[in-house]
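Please look at the predicted model below. The text after it goes through aromatic pairs and one helix contact.

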Amino acid sequence: MSQGAITGTPAAVAGVTERARRGAASRIGEAAERTWRPFAVLIACFAAWWAVSAAELIEPYLVPSPGATLEVLLGKSGYIWHHSWVTTYETLLGFLIAVAFGVFTAVVMVHSETVERTLYPILLFAQVIPKIAIAPLFVVWLGFGIAPKILIAVLIAFFPVVISMVTGLKSVDPEMLQLSATMGASPLQTFVKIRFPASFPHLFSGLKVAVTLAVTGAVVGEFVGANEGLGYVILQANGNLDTPMLFAGLLVMSLIGVVLFVLVEIAEKLLLPWHAGRRDGAVTATY
């Protein structure tokens, strides 16, 4: 084989470079197309917020101006950062525990109809109970430490993980299972190589819901009894009528939820590029 066949002619190299450049430009254009609308809505909301506060249509102690909120975010950044980290830690730990137990429970339920019939009504009953109503019990049982917050985050994130995983495990193509059995694969091999990987698209849909709910669970636990975390910051600001701090806490809490959601979506795209590619134009794409 000649050297030219290996390295390619200058024209061929230029063609490959041009196609790569066009592909990169196309991906950048698609990303911009997906993101400009959410940013436009956010800018419109902030503009409306600024207009309302500037026109003094609402008293500043009820709705602070964006400038006052930004001043609190910058002036008390260390204070807010500390409490934000506490809430993020509680959220992540609760989310990971919910994922581990949720996936295990779903696998057991799918492989045992008796277990599914027994656990499903109990899980549904536990899900509909308002977590704010039972949070004081956890504080009484576990104290004012980090444990009650993590437990509430686990409980509130557990249900979507279980449901999505069960749905994914049951949605495997029956023909694939029949082919696996025909080729002599054991039930364990069928589960590891076919059923479990096929459930990932559904699982990630549940994870994106669960990670945002875990933030809510951690903050709910902090509302009930805590001396750290964004829930504590919001509760203290509300009691002191410090609305700029309250708005700052709400904004940071929302930002944590959005960042965690995007991280799960990025993990989905890295682990399941074939599935993420099928919905590149979907409204759930945020990056």
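The aromatic rings come first, then the packing of two helices.

This is a predicted model, and six aromatic pairs are counted in it. In one of them, the ring centres of F191 and F196 are 5.5 Å apart. The planes of F191 and F196 stand at 40 degrees, and planes count as stacked under 30 degrees and as edge-to-face over 60, so this pair is tilted. F191 has a relative accessible area of 16%, and because the limit for buried is under 20%, F191 is classed as buried. F196 is at 25% relative accessibility and therefore counts as partly exposed.

F196 also takes part in a pair with F200. Here the centres of F196 and F200 are 5.0 Å apart, the planes are 80 degrees from each other, and the pair is edge-to-face. F200, with a relative accessible area of 23%, is partly exposed. Elsewhere in the sequence, F46, W49 and F247 make up one aromatic cluster.

The helix contact is between α5, residues 113–128, and α7, residues 147–170. The axes of α5 and α7 come within 10 Å and cross at roughly 145 degrees, and the crossing is left-handed. On the α5 side, the residues in contact are E116, Y120, L123, L124 and Q127. They meet L155, F158, F159, V162, I163 and K170 of α7. Sorted by class, the contact of α5 with α7 holds eight nonpolar residues, one polar residue and two charged residues.

Key: Residues are numbered from 1 along each chain as its sequence is written. This is a predicted model: local features need pLDDT of at least 70, side-chain atom pairs count only at pLDDT 80 or more; totals for chains, interfaces and linings use all residues. Side-chain values use heavy atoms; hydrogens and water are left out. Rings of Phe, Tyr and Trp (its six-membered ring) pair if their centres lie within 6.5 Å; planes under 30 degrees apart count as stacked, over 60 as edge-to-face and the rest as tilted. Buried means under 20% relative accessible area, exposed over 50%, partly exposed in between (1.4 Å probe, protein chains only). Axes are lines fitted to C-alpha atoms, for helices over the stretch in contact, and angles run from 0 to 180 degrees between N-to-C directions. Helices (H or I, at least four residues) and strands (E, at least two) are DSSP runs, numbered from the N terminus. A crossing is left-handed if the near helix is turned anticlockwise from the far one by less than a right angle, and right-handed if clockwise. Contact means heavy atoms within 4.5 Å. Ala, Val, Leu, Ile, Met, Phe, Trp, Tyr, Cys and Pro count as nonpolar, Asp, Glu, Lys and Arg as charged, and the others, Gly among them, as polar.
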